[in-house]
Amino acid sequence: MNVTASTVSLTVADVAASREFFHTHLGYQVAMAADGFASLTRGDAAADIVLLQRGSEVLPPEQRDQQATGLIFALTVTGIEAEERRLREAGAPITMPLREEPWGERLFQLTDPNGVVVQFVEWATQEEPTQGD
């Protein structure tokens with residue numbers, strides 16, 4: 001198997017609201033769009049996103065009324081402090097402020113208008129042990 005791209009498909013109540021959120025705050029561009037559907041891309045290592053309208057008949061019947069809940073869309077980034085500051089200044093809905101976990105993970109979260117949680121992660125650099133200690 002050779003994976004050529006990664007895409008996350010999210011079923012949401014309001015495709016336009018999520019599309020605007022991902023475009024405005026995260027730099028995603030619309031690759032394709034139609035009524036109840038949008039395909040978003042960034043052109044870097046971030047996974048592409050497909051937004052599908054809840055209730056869409058293109059989904060199997062048992063999936064039509066489900067929404068993206070309990071999912072965290074995580075993006076590993078560099079310069080996390082600057083990114084958090086940029087998003088805060090832009091009025092993005094930061095729902096978990098920047099923090100560092102004891103194991104070295106630095107993270108913060110945004111939540112889009114449909115409840116999709118986007119988490120930014122950067123790993124804190126470990127100090128190298130000095131010789132002779």
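## Sheet and helix packing in a predicted model

In this predicted model, Ala-34 lies opposite Phe-37 of strand 3. Strand 2 and strand 3 (residues 37-41) run antiparallel and are joined by five bridges.

These strands belong to an open sheet of four strands, arranged in the order 1-4-3-2 with mixed pairing. Strand 1 (7-12) and strand 2 (29-34) are the edge strands, each of them pairing on one side only. On average, neighbouring strands of this sheet are turned by 15° against each other, direction ignored. Helix 1 packs on the sheet, where it touches strand 1, strand 2, strand 3 and strand 4 (48-53). The direction of helix 1 makes about 160° with that of strand 4.

The sheet strands and their residue ranges are set out below.

| Strand | Residues |
|---|---|
| Strand 1 | residues 7-12 |
| Strand 2 | residues 29-34 |
| Strand 3 | residues 37-41 |
| Strand 4 | residues 48-53 |

Helix 2 spans residues 80-89, and its buried residues are Ile-80, Glu-84 and Leu-87. These three cover an arc of only 70° around the axis, which puts them on the same side of helix 2. The general geometry of the α-helix is relevant here: with 3.6 residues a turn, residues three or four places apart point the same way.

The cover over the buried residues of helix 2 includes helix 1 (15-26), together with strand 6 (94-100), strand 7 (105-111) and strand 8 (117-123). Helix 1 thus appears in both settings: it packs on the sheet, and it is among the elements covering the buried residues of helix 2. Helix 2 is followed by Gly-91, which has a positive phi, near 80°.

Note on methods: Residues are numbered from 1 along each chain as its sequence is written. This is a predicted model: local features need pLDDT of at least 70, side-chain atom pairs count only at pLDDT 80 or more; totals for chains, interfaces and linings use all residues. Side-chain values use heavy atoms; hydrogens and water are left out. Buried means under 20% relative accessible area, exposed over 50%, partly exposed in between (1.4 Å probe, protein chains only). Helices (H or I, at least four residues) and strands (E, at least two) are DSSP runs, numbered from the N terminus. The arc is that of the directions from the helix axis to the C-beta atoms. Contact means heavy atoms within 4.5 Å. Two strands pair if DSSP finds at least two bridges between them. Axes are lines fitted to C-alpha atoms, for helices over the stretch in contact, and angles run from 0 to 180 degrees between N-to-C directions.
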